[in-house]
Amino acid sequence: MNEINAHAPTSLRERVYLELRDEVLGGRIGPTERLTEPRLSKRFGVSRTPVRDALTRLVGDGLLAREEWGYSVVVPSMARVRDIYEVRIAVELRGISRSIENPQVRHDVDALGTELEHWYALRAAPPEPSPEFVLEDERFHTALLASSGNAELVAVLADVTRRIRRVRMYDFMITGRIETSIDEHIEIAERVAEGHLETAHRLLHEHIGASLEIVVERATRSLAAMNALAGPTPIYLGSP
């Protein structure tokens, strides 16, 4: 039994959540494995409540799916991820291109300044590699797009990021990737604030494209680990 100390500083639900999340992202829980509250409660040596809370969060992350008998690991389709990334690229770049096409459409420089202060602080003290950084990354891209003044574009981006969050977590588990993202975010926002929109447009396109390749590489590696756990029934990496 993998017991969790009830008196540890981190809450029980957080400890269960983090361990299960890392096992799913690392491919250590196979797609054919049935996750149930009773089994997980016994494994962690806790009641069902923290297990239920952790499972609910993992469903919200897009890592698990609720089944009649319990929960299963969500297996992403790399083809679908690429399709969704195309939408992401189009939506985010539109936030800058609309200002290039129409000089009267201006970004909110004050909002960008506030966001930049946040990223300057992160650059001074970057966090350790963690899938949770995906939320910080989403914050930046949402703020950048929102500063362009089109709320409908922001709404579309929110839906897109929710749908690819599960695989984008892989992006920030590589040493040095968070520092690179911070530097790129700052450079993009500074160029937009300075009015160098063509440069910002190019940098943003390169930034998202690099993220896609890293995500696909890491997620494919994890899916290969899942395949090894699944045995003779391989996981399909193509279209859903």
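**Figure 1. Helices α6 and α8 pack with their axes 11 Å apart.** In this predicted model, α6 covers residues 133-146 and α8 covers residues 177-194. The angle between the two helices is about 10°. Angles under 35 degrees count as roughly parallel, so α6 and α8 are roughly parallel to each other. Helix α6 contributes Phe133, Asp137, Phe140, His141 and Leu144 to the contact. Facing them from α8 are Ile178, Ile182, His185, Ile188, Ala189 and Val192. By class, the contact of α6 with α8 holds eight nonpolar residues, two polar and one charged.

**Figure 2. Arg177 of helix α8 is buried.** This close-up turns to a single side chain and its surroundings. Arg177 belongs to α8, the helix that spans residues 177-194. Its relative accessibility is 6%. Buried means under 20% relative accessible area, which is why Arg177 counts as buried. Which residues does Arg177 contact, leaving aside its neighbours within four places in sequence? They are Asp171, Phe172, Glu184, His207, Ala210, Ser211 and Ile214. Of these, Glu184 falls within the residue range of α8.

**Figure 3. Helices α1 and α2 pack at an angle of about 110°.** Helix α1 runs over residues 12-25, and α2 over residues 37-44. Their axes lie 12 Å apart. Angles of 65 to 115 degrees count as roughly perpendicular, so α1 and α2 are roughly perpendicular to each other. On the α1 side, the contact is made by Val16, Glu19, Leu20 and Glu23. On the α2 side, Leu40, Arg43 and Phe44 meet them. The contact of α1 with α2 has four nonpolar and three charged residues, and no polar ones.

**Figure 4. The close-ups in the context of the whole protein, with nine helices and two strands.** From the N terminus on, the order of elements is α-α-α-β-β-α-α-α-α-α-α. The two strands thus sit between α3 and α4 in that order. The protein has 240 residues, and 45% of them count as buried. Arg177, at 6% relative accessibility, is one of the buried residues. Among contacts between residues at least 6 apart in sequence, 75% join residues at least 24 apart. The protein exposes about 11,900 Å². Carbon and sulfur atoms supply 52% of that area.

Conventions
Residues are numbered from 1 along each chain as its sequence is written. This is a predicted model: local features need pLDDT of at least 70, side-chain atom pairs count only at pLDDT 80 or more; totals for chains, interfaces and linings use all residues. Side-chain values use heavy atoms; hydrogens and water are left out. Axes are lines fitted to C-alpha atoms, for helices over the stretch in contact, and angles run from 0 to 180 degrees between N-to-C directions. Helices (H or I, at least four residues) and strands (E, at least two) are DSSP runs, numbered from the N terminus. Angles under 35 degrees count as roughly parallel, over 145 as roughly antiparallel, 65 to 115 as roughly perpendicular and the rest as oblique. Contact means heavy atoms within 4.5 Å. Ala, Val, Leu, Ile, Met, Phe, Trp, Tyr, Cys and Pro count as nonpolar, Asp, Glu, Lys and Arg as charged, and the others, Gly among them, as polar. Buried means under 20% relative accessible area, exposed over 50%, partly exposed in between (1.4 Å probe, protein chains only). Accessible areas come from the Shrake-Rupley method with a 1.4 Å probe; for residues, only the protein chains shown count as cover.
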